[in-house]
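The following exercises practise the reading of a protein structure step by step. Work through each task with the structure in view before consulting the solution.

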2 protein chains.
Amino acid sequence: MAVEPLPSLDRSTLRERALVAVRSAILTGRYGPGDHLGEVELAGSLGVSRGTVREALRHLQQEGLVVAGARGMLRVRALSPQEVRELFAVRAALEGLAISELIASPRRQEAAARLRAELERLEEDPDDVLASLEADLGFHLLLCQLAGNSMLVDAWRHLEGRMRVTIMSFGETTAKGLMSAQRHLPIVEAVERGEVPAARAVIEAHMAGAAEAYARPR
Amino acid sequence: MAVEPLPSLDRSTLRERALVAVRSAILTGRYGPGDHLGEVELAGSLGVSRGTVREALRHLQQEGLVVAGARGMLRVRALSPQEVRELFAVRAALEGLAISELIASPRRQEAAARLRAELERLEEDPDDVLASLEADLGFHLLLCQLAGNSMLVDAWRHLEGRMRVTIMSFGETTAKGLMSAQRHLPIVEAVERGEVPAARAVIEAHMAGAAEAYARPR
DNA sequence: CGTGTGTCGAGTGTCGGCAATACGATGGTG
DNA sequence: CACCATCGTATTGCCGACACTCGACACACG
């Protein structure tokens, strides 16, 4: 008799799978900024219908990864240096909120410990840019999540895709120094010390540094 | 011969029109929180195909006005008091950024004047709740736009729908005092004076007040 | 009487096709 | 040679139909 409790099946819809497929195709550079994302082409290569791809593309459009060009054709978005700066400014505002809510929470020290643990992922393999990016964004997302504000997390995620294209569109060189554990340590320390204004200043400096790096023309 | 310069035609797609139709149906209370939004029913009453309605619904889902319930069925979202507080906290963070960027800009006084002009709309007809809501949100949106940060505007708009359902779900009574010009005047004055920390404090107080009012159970 | 099974209605998921539109090539014309 | 009408093509907008899943209910069977 079979006692093995059969692994639960993948319940995701085709639309969801198409979404992650197209998103990661963009994020890995398979499609670069400005490239045209044709419904028929994508539907063909993914092996699904146009309608399905369409919904995925609309989702990405709302995510800001894709913009409508002439005749409603969708293309991979290219962020101007100005927009990159704006993006990081908004992130700074959101994460500034996160850090002050975190500090105000009773679980502050526990949260700081979680963040400190997350930092280790940044140290693991500094040469693997992809892993470092995941660790970096993971750290900042965790910061938002620990603040316990679901709307904040949602707003942050709304920016995530644009962050990723921006960072990925740079070569390895730029990203390297920015995603080190050392650069993130002050954030954790600020949480531990619990001084809100100082903590916000740390976040703002962190973001300002990144913004300038990524706003430089390639 | 016709010299009348014929009004330019409506070039919006059916999808866009379906989107605003469904959105305003929700916002005006035609569908209340928890109500089921069936594709077939909507498609029928709007006179369009299911696919078209579907895209509109997905958009609203990303906007946070609609959530997926059992078996993928979409329903109008109901925000908990906790979520309402979170929402206003994020708004405070965003508009805090707006106000400080605005103050830092060289066009500060001109912007303050624009805001002051916008205030008048709030005074026009304090008894018309709908108009007051438009004027209120218009004022805050203008604040973000004047900051000249497109990502900020985008993030703010991402919250807009949820703001509207929250406010509309209250009767006239609650909303009245909150949307007065008098309550918004300190914001303009803070911009004029140009003191960033004070201005942020004003915004935060403004949002905190609104949050507590709308987080009260009905 | 409980349990498992078939059936049915309601809904969403997915698809392929037709229509509309804009763009570019092509060829004709002054 | 410049200009313009025309046609083909690439691409999205929109639709109707079929397939699948789920939950509720009835029903036979032990």
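**Exercise 1.** Determine what percentage of the residues of chain A count as buried, and describe the fold of the chain.

*Solution.*
Step 1. The model is a predicted one. A residue is counted as buried if 20 or more other C-beta atoms lie within 10 Å of its own. By this criterion, 36% of the 218 residues of chain A are buried.
Step 2. Listing the secondary structure of chain A gives 10 helices and 2 strands. Read from the N terminus, their order is α-α-α-β-β-α-α-α-α-α-α-α.
Step 3. The C-alpha trace of chain A extends over about 65 × 55 × 35 Å along its principal axes.
Step 4. Among the contacts in chain A with a separation of 6 or more, 71% join residues 24 or more positions apart.

**Exercise 2.** Identify the domains of chain A and state how many residues of each are in contact with the other.

*Solution.*
Step 1. The domain assignment divides chain A into domain 1 (11-76) and domain 2 (81-214).
Step 2. Between the C-alpha centres of these two domains of chain A there are 28 Å.
Step 3. Across the boundary, 7 residues of domain 1 of chain A are in contact with 6 residues of domain 2 of chain A. The domain 1 side comprises 4 nonpolar, 2 polar and 1 charged residues.
Step 4. An unreviewed UniProt entry annotates residues 12-79 of chain A as "domain: HTH gntR-type". This stretch of chain A is 53% helix and 9% strand, with its end C-alpha atoms 31 Å apart.

**Exercise 3.** Establish how chain A and chain B are related, and describe the side of chain A that touches chain B.

*Solution.*
Step 1. A turn of 180° with a shift of 0.0 Å along the axis lays chain A on chain B with an RMSD of 0.2 Å. The two copies are therefore related as by a two-fold rotation axis.
Step 2. Within chain A, the C-alpha nearest this axis belongs to A:A93, at 2.9 Å from it.
Step 3. Both copies use the same surface, since 100% of the contact residues of chain A recur in chain B.
Step 4. In the interface, 23 residues of chain A are in contact with 23 residues of chain B. On the chain A side, helix 3, helix 4 (81-104) and helix 7 (150-168) each supply at least two residues. Helix 4 of chain A gives the most, namely 9 residues.
Step 5. Sorted by class, this side of chain A holds 10 nonpolar, 8 polar and 5 charged residues.

**Exercise 4.** Find which elements supply at least two residues of the surface near DNA strand C, then treat DNA strand D likewise.

*Solution.*
Step 1. DNA strand C is surrounded by 18 residues, the closest being A:L14, A:V48, A:S49, B:E39 and B:G72.
Step 2. At least two residues of this surface come from each of helix 1 (14-27) and helix 3 of chain A, and helix 2 (39-46) and helix 3 of chain B. The largest share, 3 residues, is that of helix 3 of chain A.
Step 3. By class, the surface near DNA strand C contains 6 nonpolar, 7 polar and 5 charged residues.
Step 4. For DNA strand D there are likewise 18 surrounding residues, with A:G72, B:T13, B:L14, B:V48 and B:S49 the closest. Two or more residues each come from helix 2 (39-46) and helix 3 (50-63) of chain A, and from helix 1 (14-27) and helix 3 (50-63) of chain B.
Step 5. Near DNA strand D, helix 3 of chain B provides the largest share, 3 residues.

Terms used. Residues are numbered from 1 along each chain as its sequence is written. Chains are lettered from A and ligands numbered from 1 in the order in which they are written. This is a predicted model: local features need pLDDT of at least 70, side-chain atom pairs count only at pLDDT 80 or more; totals for chains, interfaces and linings use all residues. A residue is near a molecule or strand if its C-beta atom, placed from the backbone, lies within 6 Å of it. Helices (H or I, at least four residues) and strands (E, at least two) are DSSP runs, numbered from the N terminus. UniProt positions are given in the numbering used here, feature names are shortened, and annotations may be inferred rather than shown by experiment. Copies are superposed by least squares on the C-alpha atoms of residues with pLDDT of at least 70 in both. Two residues are in contact if their C-beta atoms, placed from the backbone, lie within 7 Å. Ala, Val, Leu, Ile, Met, Phe, Trp, Tyr, Cys and Pro count as nonpolar, Asp, Glu, Lys and Arg as charged, and the others, Gly among them, as polar. Domain bounds come from an automatic or database domain assignment. A residue is buried if 20 or more other C-beta atoms lie within 10 Å of its own, exposed if 12 or fewer, and partly exposed in between; C-beta atoms are placed from the backbone.
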